[in-house]
Amino acid sequence: METKELTGKFYDIQGFSVHDGPGIRLTCFMKGCPLRCLWCHSPESQEFPTELNWMEIKCVGVAKCGNCLKVCPHDAVSLGATKKSLQDDGEIQLVTVDRDKCDNCGKCAEACTAKALYMCGTDYTVEELMVRIRRDVPFYKRSGGGVTISGGECLCQPDYLLAVLRQCRAEAIHTAVDTTGFAKWEVIEAIVPYTDIFLYDLKHMDSEFHKRGTGIPNELILENAQKIAAAGGKFMIRIPVMPLYNDSEEDFDKFGKFIVGLGDSVEIVQLLPYHNLGVVKWERLQRKAPVLEATPPSDEFMQTRKKQLEAMGLNVMIH
Ligand code: SF4
Ligand code: SF4
């Protein structure tokens with residue numbers, strides 16, 4: 001069967017998710033994204049290939065192990081910083097990876113029994129993913145939940161996405177697609193009939209600001225949202241609320257007007273207050289985070305923006 005050979009790449013799969021659509025859900029995070037949001041808290045989602053990750057806390061040190069230093073064919077692993085030992089007053093010698101030399105071959109991760117070095121990105125055939133999805137069917141049924149295909153940007157693996165959604169529909173499993181909306185309309189048009197709800201991000205209504213914050217303009221995203229609405233799709237619109245970027249009264253007035261224009265297709269608007277919990281994930285990739293110094297918005301502020309959208313007739317929740 002053709003679908004058996006098709007694979008999708010995922011960087012994580014999380015059960016019992018309650019924030020990615022209705023009910024209890026299995027959220028499947030696909031790897032690779034064309035956007036580069038300055039506030040990205042899932043940097044491991046950005047690149048398409050499987051890549052090496054590093055969790056310093058798990059490393060037992062070169063004196064006890066040092067396997068990674070011996071196996072790298074490109075001499076990319078070398079001695080790095082030290083950390084305090086939890087067992088005594090001594091220090092543990094850590095390693096560091098030269099990302100310019102590393103080709104993500106995975107040999108050091110295989111040799112790292114402590115799992116301090118590990119590969120991020122796993123390929124699943126459609127059937128392999130369906131096996132995992134089916135395991136939680138009783139929870140979906142009891143809670144009105146289902147599966148959410150997220151990312152990264154899952155629309156970047158369109159054939160695989162369509163195949164999974166079709167199979168879920170055939171098995172009466174509720175489907176949500178969590179997307180930036182940045183894709184050719186043909187890709188989205190194909191999945192509309194098999195997607196029960198789109199979790200659709202709006203990041204800025206001004207295209208120039210959108211580009212500054214994400215690396216791309218917003219025209220295609222807004223156009224696709226309107227086309228989905230016209231094609232009968234349903235939305236949970238998601239707005240990441242970023243201090244001094246998209247959080248002014250004027251910004252929200254523009255968000256509100258656009259969302260109201262999508263009519264009955266919008267079931268709910270979800271406001272996602274900025275947080276800086278992603279710092280540690282950037283460290284795992286040994287990359288510098290683009291922007292993390294913003295102060296998370298207060299509950300009071302979030303309520304103000306929620307009320308502003310509610311006054312426009314929208315159903316709004318804060319994540
Ligand atoms: S993934 Fe391969 S190239 Fe990269 S550091 Fe590990 S062993 Fe070296
Ligand atoms: S193989 Fe793993 S635990 Fe051993 S030194 Fe390298 S990173 Fe640390």
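This report walks through two ligand sites, two buried residues and a few spots with uncommon backbone geometry in a predicted model.

**The two ligands**

Let us start with the ligands. Ligand 1 has 14 residues around it, and the closest are Cys72, Cys102, Cys105, Gly106 and Cys108. By class, this shell holds nine nonpolar, three polar and two charged residues. The space that ligand 1 takes up is the second largest cavity.

And where does ligand 2 sit? Its place is the largest cavity. Around ligand 2 there are 13 residues, with Cys59, Cys65, Gly66, Cys68 and Cys112 the closest. This shell divides into 10 nonpolar and three polar residues, with no charged ones.

**Two buried residues**

Next, look for Asp20, in the loop between β1 (7-17) and β2 (25-30). Is Asp20 buried or exposed? Its relative accessibility is 12%, and buried means under 20%, so Asp20 counts as buried. The side chain of Asp20 makes a polar contact of 3.0 Å with the side chain of Ser17. If you set aside the neighbours within four places in sequence, Asp20 is in contact with Arg25, Thr27, Thr148, Ala176, Leu199 and Arg238.

Trp54 belongs to strand β3 (residues 51-54). With a relative accessible area of 8%, Trp54 is buried. Which residue, 64 places along the chain from Trp54, has its C-alpha atom 6.5 Å from that of Trp54? That residue is Tyr118.

**Backbone geometry to look for**

Most residues other than glycine have a negative phi, and most peptide bonds are trans. With that in mind, try finding Asp75 and Lys115. Asp75 has a positive phi although it is not a glycine, and Lys115 also has a positive value in a residue other than glycine. The table puts their details side by side.

| Residue | Phi | Loop between | Relative accessible area |
|---|---|---|---|
| Asp75 | about 55 degrees | α2 (67-71) and β4 (77-84) | 57%, exposed |
| Lys115 | near 65 degrees | α3 (107-111) and β6 (117-120) | 49%, partly exposed |

Why is Asp75 called exposed? Its relative accessible area is 57%, and exposed means over 50%, so Asp75 earns that word. Lys115, at 49%, is partly exposed because its value falls between the 20% and 50% limits.

One last stop is a peptide bond. Gly151 and Gly152 are joined by a cis peptide bond, with omega about 15 degrees. You can find Gly152 in the loop between β8 (146-150) and α6 (158-170).

Methods: Residues numbered from 1 in each chain as written. Chains lettered and ligands numbered in written order. Predicted model: local features only at pLDDT ≥ 70, side-chain atom pairs only at ≥ 80, totals over all residues. Heavy atoms only, no water. Near = heavy atom within 4 Å. 1 Å grid on protein atoms, 1.4 Å probe; cavity = no way out; pocket = protein on both sides within 12 Å on 5 of 7 lines; lining within 4 Å. Sits in = over half its atoms within 2 Å of the grid points. Nonpolar A, V, L, I, M, F, W, Y, C, P; charged D, E, K, R; others polar. Helix = DSSP H or I, 4+ residues; strand = E, 2+ residues; numbered from the N terminus. Buried < 20%, exposed > 50% of the residue type's maximum accessible area, 1.4 Å probe, protein only. Polar contact = N/O pair within 3.5 Å; in protein donor to acceptor, adjacent residues only side chain to side chain. Contact = heavy atoms within 4.5 Å.
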